[in-house]
Amino acid sequence: MTDPNQPIEALLAEKRVFPPSRDFHEQAIVRDVAIYAKANKDPEAFWAEAAQSLDWFQKWDKVLDWKPPQARWFVGGKINVSHNCLDRHVATWRRNKAAIIWEGEPGEERVLTYADLYREVNKFANVLKRLGVKKGDRVTIYMPMVPELPIALLACARIGAPHSVVFGGFSAESLRDRINDAQSKIVITADGSYRRGQIVPLKRNVDAALQGCPCVESVILLRRLGETASIHVQAGRDHWWHRLMADAPSYCQPEVMDSEDPLFVLYTSGTTAKPKGILHTTAGYLLGASLTHKWVFDVKEEDVFWCTADIGWVTGHSYIVYGPLANGTTGLMYEGSPDWPEKDRWWALIEKYRVNILYTAPTAIRAFMRWGEKYPNSHDLSSLRLLGSVGEPINPEAWMWYHEAIGKGRCPIVDTWWQTETGMILISPLPGITTTKPGSATFPLPGINADVVDEAARSVPLGGGGYLVLKSPWPAMARTIYGDQDRYVEVYWKRFGKNVYFAGDGCKRDEEGYFWLLGRVDDVMNVAGHRISTMEVESALVDHPEVAEAAVIGKKDEIKGEAIAAFVTLKEGSTASPDKMNELRQHVVKKIGPIARPDNIYFAAELPKTRSGKIMRRLLRDIAEGRALGDTTTLADPAVVAVLRGQYEEG
């Protein structure tokens with residue numbers, strides 16, 4: 001919720017620059033700056049040449065069919081994502097190469113080669129078919145960060161069943177809403193998972209969710225906790241993963257998919273209480289994820305690549321599963337948090353597995369800064385050769401700490417901008433040729449036509465700020481909001497015209513054309529890299545029987561980027577107290593999940609409203625961040641703000 005016109009002279013005045021070293025440049029996959037001009041001259045030819053890297057059953061007839069705002073890429077092409085991630089590798093020496101190196105939070109270890117992954121995916125694809133899953137059926141996946149999670153995704157892709165992964169931190173109610181929206185036939189889950197030494201009751205949440213999900217026929221249940229799990233198994237509906245796999249055939253013919261067939265639906269927060277089911281299709285998405293993974297991270301055959309995201313988010317889809325596996329990469333996958341059992345957990349893993357590329361979020365980097373350099377300094381991080389950042393804009397101080405404390409001044413940093421809706425990284429350095437600046441995502445990638453515009457959709461001169469937009473289609477773009485094409489057009493393609501994609505982020509460009517992302521301009525908060533709608537949290541609070549009204553804002557937080565602050569008016573007869581505050585926090589957790597728990601709740605007799613009754617959240621943000629109040633002339637009762645400010649400063 002950033003004002004794109006706010007002054008950021010300090011950012012634009014950033015003078016520190018970091019060109020690629022000669023050695024890195026000479027060995028980089030992309031080292032010729034002419035690639036930008038080539039892509040701009042003929043984008044369709046550029047993407048067509050890039051698509052030769054995929055394995056097609058049948059080549060396309062037409063690269064792009066663009067009828068704004070609808071794009072169809074590689075029209076007439078036939079392909080399968082699972083085949084591209086597995087079959088073509090097991091036909092080569094890569095069959096015995098590690099595909100996934102996994103470590104669980106309590107310390108378990110597993111390595112799956114491409115041959116192992118191929119076998120498990122084929123068997124699980126047959127399990128799904130035996131349970132009646134057909135091409136086009138949706139499958140909801142609510143699982144821990146274990147190898148069976150990517151196995152489930154790839155099995156769905158193999159048989160043409162679009163998957164909908166729901167982050168394991170979401171509540172039963174959030175899970176239910178997503179299952180019903182997708183009308184999923186199957187839910188895949190586990191008896192539970194681990195998080196900071198505690199057990200997350202995944203199966204209990206599924207049971208609660210399914211009380212309101214008549215579309216679900218079967219549940220596949222992975223044994224993760226074993227005897228320690230206290231769960232209910234419903235006869236006829238619930239099936240143990242290991243029992244289904246015991247006699248499943250070890251080969252499943254990959255479904256021949258059209259380029260534009262759906263691959264997955266992934267839910268993301270919007271400006272209403274209802275999350276948006278972002279639909280991605282097959283060929284264009286796979287090309288975007290695999291190409292950017294290879295180019296942005298300069299991934300070599302021998303590298304160990306670690307994206308620290310959860311597969312429940314798009315970063316995990318694109319840069320743990322589909323991008324790396326399509327490229328035949330070895331990826332590290334970790335179930336757990338960065339500070340359990342100790343604050344050096346990540347650095348120990350990097351040392352243990354000799355990780356070469358680390359891709360993580362500014363939230364984590366800021367937490368590491370706070371904990372101090374003694375933790376990374378206690379481990380050998382010399383294997384690292386490239387660092388990445390994702391999820392939100394990274395402040396220059398965190399960028400420099402990452403560069404010096406983790407990269408030891410020798411690792412290029414690729415600060416990446418993209419979204420669930422874009423499917424692939426769109427703005428980022430190419431590490432072999434781009435001179436970076438701390439805090440800037442630098443430039444749009446080759447083939448990406450990004451601009452910064454004002455309210456009238458006019459391109460803003462260098463040195464100015466406005467709204468980030470995309471003026472040409474790209475292969476991995478979302479095709480629709482599942483079941484709601486009108487909302488898709490309204491949210492992304494209406495503000496600046498049907499030819500222009502509105503990203504919802506503020507952005508400035510400096511005099512050299514570097515892009516500086518400023519965060520959201522709508523009512524979507526970015527909390528520790530998770531997009532959370534203010535409306536979702538407000539709806540959860542008002543659902544409590546004692547809450548009359550609620551207004552939620554994101555306020556700046558040095559660790560999480562934004563923290564959630566809620567201003568709440570209780571109903572007559574209810575009393576504000578610390579216990580009531582905790583009760584409301586837990587109510588939000590129940591309705592949405594722990595990621596949406598408000599950091600601060602302020603009780604107010606009244607909320608600041610205009611004469612027409614609209615809550616002025618802008619003034620609440622001013623109060624929460626200690627700024628001078630903006631224009632209050634439209635308030636019905638200006639005294640309300642003074643009372644709130646007094647309460648806030650006291651509390």
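The questions below concern a four-stranded sheet and a pair of helices in a predicted model.

Q: In what order do the four strands of the open sheet stand?
A: The sheet is open, and the pairing within it is antiparallel. Neighbouring strands are turned by 45 degrees against each other on average, direction ignored. The order of the four strands is E21-E22-E24-E25.

Q: Which strands stand at the edges of this sheet?
A: A strand at the edge has a single partner strand, so one side of that strand is left without a neighbour in the sheet. This holds for residues 450-453 and for residues 515-520. The edge strands are E21 and E25.

Q: Which residue is the bridge partner of valine 453?
A: Strand E21 covers residues 450-453. E21 pairs with strand E22, residues 465-470, in the antiparallel sense over four bridges. In E22, the partner of valine 453 is tyrosine 467.

Q: Is strand E25 largely enclosed or left open by the rest of the structure?
A: Buried here means under 20% relative accessible area. Six of the six residues of E25 are buried, so the rest of the structure leaves this strand largely enclosed.

Q: Which residue of E25 stands opposite aspartate 505?
A: Strand E24 spans residues 501-509 and runs antiparallel to E25, with five bridges joining them. Opposite aspartate 505, in E25, stands arginine 520.

Q: Which residue takes a positive phi in the hairpin of E24 and E25?
A: The hairpin has five residues between its strands. The phi in question is near 90 degrees, and the residue is glycine 513.

Q: At what angle do helices H5 and H7 pack?
A: H5 covers residues 81-90 and H7 residues 148-159, and their axes are 7 Å apart. H5 passes H7 in a left-handed crossing. The packing angle is about 115 degrees.

Q: How many nonpolar residues does the contact of H5 with H7 have?
A: H5 contributes Val81, Ser82, His83, Cys85, Leu86 and Asp87 to the contact. From H7 come Leu154, Ala157 and Arg158. By class, two residues of the contact are polar, two are charged, and the nonpolar ones number five.

Q: Is serine 82 buried or exposed?
A: Serine 82 lies in helix H5. Leaving aside residues up to four places away in sequence, serine 82 touches Asp87, Val121, Leu154, Ala157 and Arg158. Among these, Leu154, Ala157 and Arg158 belong to the H7 side of the helix contact. The relative accessibility of serine 82 is 0%, so this residue counts as buried.

Definitions and conventions:
Residues numbered from 1 in each chain as written. Predicted model: local features only at pLDDT ≥ 70, side-chain atom pairs only at ≥ 80, totals over all residues. Heavy atoms only, no water. Pairing = 2+ DSSP bridges. Helix = DSSP H or I, 4+ residues; strand = E, 2+ residues; numbered from the N terminus. Axes fitted to C-alpha atoms, helices over the stretch in contact; angles between N-to-C directions. Buried < 20%, exposed > 50% of the residue type's maximum accessible area, 1.4 Å probe, protein only. Left-handed = near helix turned anticlockwise from the far one by under 90°. Contact = heavy atoms within 4.5 Å. Nonpolar A, V, L, I, M, F, W, Y, C, P; charged D, E, K, R; others polar.
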